[in-house]
Amino acid sequence: MTAAIEVTDLTMTYGDLRAVDGVTLTVEEGEFVGILGPNGAGKTTLLETIEGLRRPDSGTATVLGLPAWPRNPRLLPRIGVQLQASSFFERLTAREQIHTFAALYGVAAGRADEWLERVGLVEKADARVEDLSGGQAQRLSIACALVHDPELVFLDEPTAALDPQARRNLWDLLTDINESGRTVVLTTHYMDEAEILADRVAVMDHGRILVHATPAALIRRLDAPTRITLADDEVITTREPAAELARLAEAGRLDGVRVQTGTLEDVFLDLTGREYRA
Amino acid sequence: MKPFWALSRAILRGFVRDRTSVFFAVVFPLMFLVLFGGLFSDQSVGKVDMIVVGDASLVDDLPADARDDFDDTFHVVRSDDLDDALDQVRKGDADVAVEQQGDTLVAHYSQTDPAKAGIVAGTLRALVDGTNIALTGQQPTYDLRVESVEDDSLSTIQYYTPGLLGWAVAMSAAFGAAATLQGWRQSKLLRRLQLAPVSTRSVVGARVSVTVSIALVQMAIFIGVGGIFFGLTLTGAWWMAIPLLVVGTLCFMAIGLLAGAITKTQEGAVNAANFLVLPMAFLSGSFFALDDAPQWLQTFSELLPLKHLNDGMLDVMVRGEPWTAALVPMAILAAFALVVTLVAARLFRWDTA
């Protein structure tokens, strides 16, 4: 089985800035990979280079066994892309939008309508894209990326600026897509999103991939103590939670107890530091 | 072909639903046509107000047939006060004051209205020449009829339709290309299309086809309105205006691309296109003829593509020139389009950053 994505020692430079600095990354077929990182970490540049939009300064990116650069028209129908901005034709309705994208990929209009239904936009089909809410536009954008049933899907911060309900709905959709055998790569700066969706997480900062592992492994590696918060707000920090909880049970104090192990957020802050980013 | 049609449909819908674009492409230039056609056509058929100061035997003793022509052209008022008459001409209450000094007919006129000034000078010269010949007692070999001055110059609508159409097409082609390039770049739609299995040919072809179609609709509307309401008459090879307009559209799309390539926002791109096209329209005779402009300005205007588009359109649409008259302007416009496109391509960036 070949890897869906193979990136070797990839570097992208803008002037003095090394946006991507010697990244090596492998994504297996059918895998769901989240690329996490603060703003300006180089996530979008990395993604766009793998998609084939940019010529690598050095190193290589191979997608589905084919080189990503130069633009390869035989590769393009096999990948689906949602860019960070909502890339729509101006003043078209949602339906016209997805029909246009379907036509670009030689997909029948009926299939496009199915996708509108799937992302819950049937009622908004005749609304112009300018009149859609942020979440609706985001869903339409994803539907446009998936309308040709690609093997590999790239999503650049798909849940940015969505309300909690819209995020959950989108997560369900993305899980469905992944479970139907497609490889998904998404960038995000929401920890919970990566933790819930991704098989493996790559944490990126200053153009480098700091770690690439399953969320559970990353949290284990952090080796953070467990925090047990009791109903009366007393906090117990321990490295032996099982024993501690047994002791609390004997004392009859388990009601209202909250147990917090390390989270991906702790891992992230541990790796990238706490200073503000632009 | 399917991607080409899908893109063309998408672009066309985007244009038709954009009220501002439609207004500036069709309604706005049409307003000028109605304005110029309506305002100035009244003046050109209206008589010239003449004040005859004192005795002017040359005017008074016209032979009967010349008298008729004279009365068709001039509305005559008598006066004895030259200063008052000059004052009236200056204020525009009268168009010309005429006095006879010995054997010389002196016409005082204002250049404020070049059309009337031309009629005045031409008609009076013909009148004097005719009288001179008549006095020799010989039958004139050549005949010059008084109205010929008016017939020789194009009536207002004949002149303005091709020029304003040229401006309208230049504007919508340049704005369309500039706004599309910038808008698509900013929404990353350009990038998105780059990642779809569509050839650049299809994308560019779709945008060009839509703009050319819009230009041809503009032409149909202009000719329709001019013909129905203002008596526009097209001359023999007018159909050559179609290929001429197509090449002109390409040329101004290239200028729009350049505007889009050198700017960073959609507003900036449209402003840059405006900055290039509007002064060019003035200097290319879209709004007024350049015949009276200084020589250096006329020479400069030869460097402007719109000047050649306008000249070519005038030649084939209303001046009755043969179809070959459009070939040189077409070649010039095509060369412009090519050079400007190459420059724009060099300056082109995929992303705004």
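How much of residues 272-290 of chain B is helix, and how far apart are the end C-alpha atoms? I looked it up in what is a predicted model. The stretch is 63% helix and 0% strand, with its end C-alpha atoms 25 Å apart.

**Chain B, annotated stretches.** I checked the UniProt record, an unreviewed entry, and it puts "transmembrane region" at 21-40, 164-184, 204-232, 238-260, 272-290 and 323-348 of chain B. I also pulled up 204-232 of chain B: 93% helix, 0% strand, and 35 Å between the end C-alpha atoms.

**Chain B, surface.** I went looking for nonpolar side chains and found a surface patch made of B:Leu216, B:Trp238, B:Trp239, B:Ile242, B:Trp323 and B:Leu327. Together they offer about 540 Å² of accessible area. I then picked out B:Trp323, which sits in the loop between helix H14 (305-317) and helix H15 (327-347) of chain B. Its relative accessible area is 43%, so I noted B:Trp323 as partly exposed.

**Chain A, strand E6.** Is strand E6 (residues 79-82) of chain A covered or open on its faces? I found both faces covered: A:Ile79 and A:Val81 are buried on one side, A:Gly80 and A:Gln82 on the other. E6 of chain A runs parallel to strand E7 (residues 152-156) of chain A, with four bridges in the pairing. Across from A:Val81 I see A:Phe154 of E7.

**Chain A, a three-stranded sheet.** I traced an open antiparallel sheet in the order E12-E11-E13 of chain A. Its edges are E12 (235-238) and E13 (258-260), each paired on one side only. Neighbouring strands here are turned by 20° against each other on average, direction ignored. I counted four bridges in the antiparallel pairing of E11 (residues 226-229) with E12 in chain A, where A:Thr229 stands opposite A:Val235.

How values were computed
Residues numbered from 1 in each chain as written. Chains lettered and ligands numbered in written order. Predicted model: local features only at pLDDT ≥ 70, side-chain atom pairs only at ≥ 80, totals over all residues. Heavy atoms only, no water. Patch = residues over 30% accessible without salt bridge, like charges linked within 9 Å, V, L, I, M, F, W, Y side chains within 5 Å. Areas by Shrake-Rupley, 256 points an atom, 1.4 Å probe, with all protein chains shown as cover. Salt bridge = Lys/Arg side-chain N within 4 Å of Asp/Glu carboxyl O. Helix = DSSP H or I, 4+ residues; strand = E, 2+ residues; numbered from the N terminus. Buried < 20%, exposed > 50% of the residue type's maximum accessible area, 1.4 Å probe, protein only. UniProt positions renumbered as here; feature names shortened; annotations may be inferred. Pairing = 2+ DSSP bridges. Axes fitted to C-alpha atoms, helices over the stretch in contact; angles between N-to-C directions.
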